[in-house]
Amino acid sequence: RLWVSMSDYTQEIRIGKEVLARAAEAYRKIRNTLRYLLANLYDFDPSTDMVEVSALDPVDRYILARYADVALKIRKSYSVYDYGTIFQAVNGFVTVDLSAFYADVSKDRLYTFAAGSRERRSAQTAMYLMTDGLTRLLAPILSFTCDELWRYLPARTDDSVHVAMFPDTHELESLVDAEVLQQWQQLGALRERVLAQIEPLRKDKQIGSSLQAKVVLSATEKELAFLESWAAHLPMLFIVSEV
């Protein structure tokens, strides 16, 4: 099913060992990322532990805005049988936004903060909303995987994901915030530049972990005002001890 969704049916369909290997690799990335999100919900009860969206940590608010943007695109693509766009949207979100970014910057909160702390519950709230929504949205394509995910999802309302509704359009639209997305696009670009400086130090064994690094940023007056407003979040963003 995933291979079919990856295929452009307006042209001749291609299949072979290499094509199926790419589909298998994409499947493993999607499955493992969703499994990671679900695994961090083992002690999360949505009825008591959910944090209001307006009170979420900024990075959680951002990732939900990205998720909602992708989910709306998926819903629209299903309605016009554009499965290729669904695959591209999901694959990009899972690989770039969730695996390479969000899972990386959220680990400290999930593993070192108190179990019931607001910061940890904030991350879990975002993870719960994304896992619930993506499981529903991917069920027509990854039928068995989503059925299995659904069985372990906290507080599921239906017996099977295949009788559950897609995430509500109006609820998704309420999560999309253009200003939040624009701000984090800037922060994300800055993060890439910082990580590009840290990685050679790790390879040369000058530091073991990025947490052994202190980052010093220089900026124009306009940039400085923006960075100062985010100062408290920059160590988390770069996964360092001090900025």
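A residue counts as buried when its relative accessible area is under 20%, as exposed when that value is over 50%, and as partly exposed in between. With this scale in hand, the aromatic residues of this predicted model are a pleasant place to start. Tyr62 has a relative accessibility of 10% and is therefore buried. Phe101, with a relative accessible area of 10%, is buried as well.

These two residues also meet each other. The model contains seven aromatic pairs, and one of them joins Tyr62 to Phe101 in an edge-to-face arrangement, with 6.0 Å from centre to centre and 80° between the planes. This contact bridges distant parts of the chain: Tyr62 sits in helix H4 (residues 58-79) and Phe101 in helix H5 (residues 83-112), 39 residues apart. A further pair brings together Tyr78 and Tyr83, whose ring centres are 6.4 Å apart; their planes stand at 75°, so this pair too is edge-to-face. Here the partners fall into separate classes of exposure, since Tyr78 is buried at 13% relative accessible area, whereas Tyr83 is partly exposed at 27%. Returning to Tyr62 and Phe101, ring pairs link them with Trp184 and Trp230 into a cluster.

Attention now turns to the surface. Tyr9, Ile13 and Tyr81 form a nonpolar patch there, and together they offer about 350 Å² of accessible area. Within this patch, Ile13 lies in the loop between helix H1 (2-6) and helix H2 (17-39). Its relative accessible area of 43% makes Ile13 partly exposed, because the value falls between the 20% and 50% limits.

Definitions and conventions. Residues are numbered from 1 along each chain as its sequence is written. This is a predicted model: local features need pLDDT of at least 70, side-chain atom pairs count only at pLDDT 80 or more; totals for chains, interfaces and linings use all residues. Side-chain values use heavy atoms; hydrogens and water are left out. Patches are made of residues with over 30% relative accessible area and no salt bridge: like charges are joined within 9 Å, nonpolar side chains (Val, Leu, Ile, Met, Phe, Trp, Tyr) within 5 Å. Accessible areas come from the Shrake-Rupley method with a 1.4 Å probe; for residues, only the protein chains shown count as cover. A salt bridge is a side-chain nitrogen of Lys or Arg within 4 Å of a carboxyl oxygen of Asp or Glu. Helices (H or I, at least four residues) and strands (E, at least two) are DSSP runs, numbered from the N terminus. Buried means under 20% relative accessible area, exposed over 50%, partly exposed in between (1.4 Å probe, protein chains only). Rings of Phe, Tyr and Trp (its six-membered ring) pair if their centres lie within 6.5 Å; planes under 30 degrees apart count as stacked, over 60 as edge-to-face and the rest as tilted.
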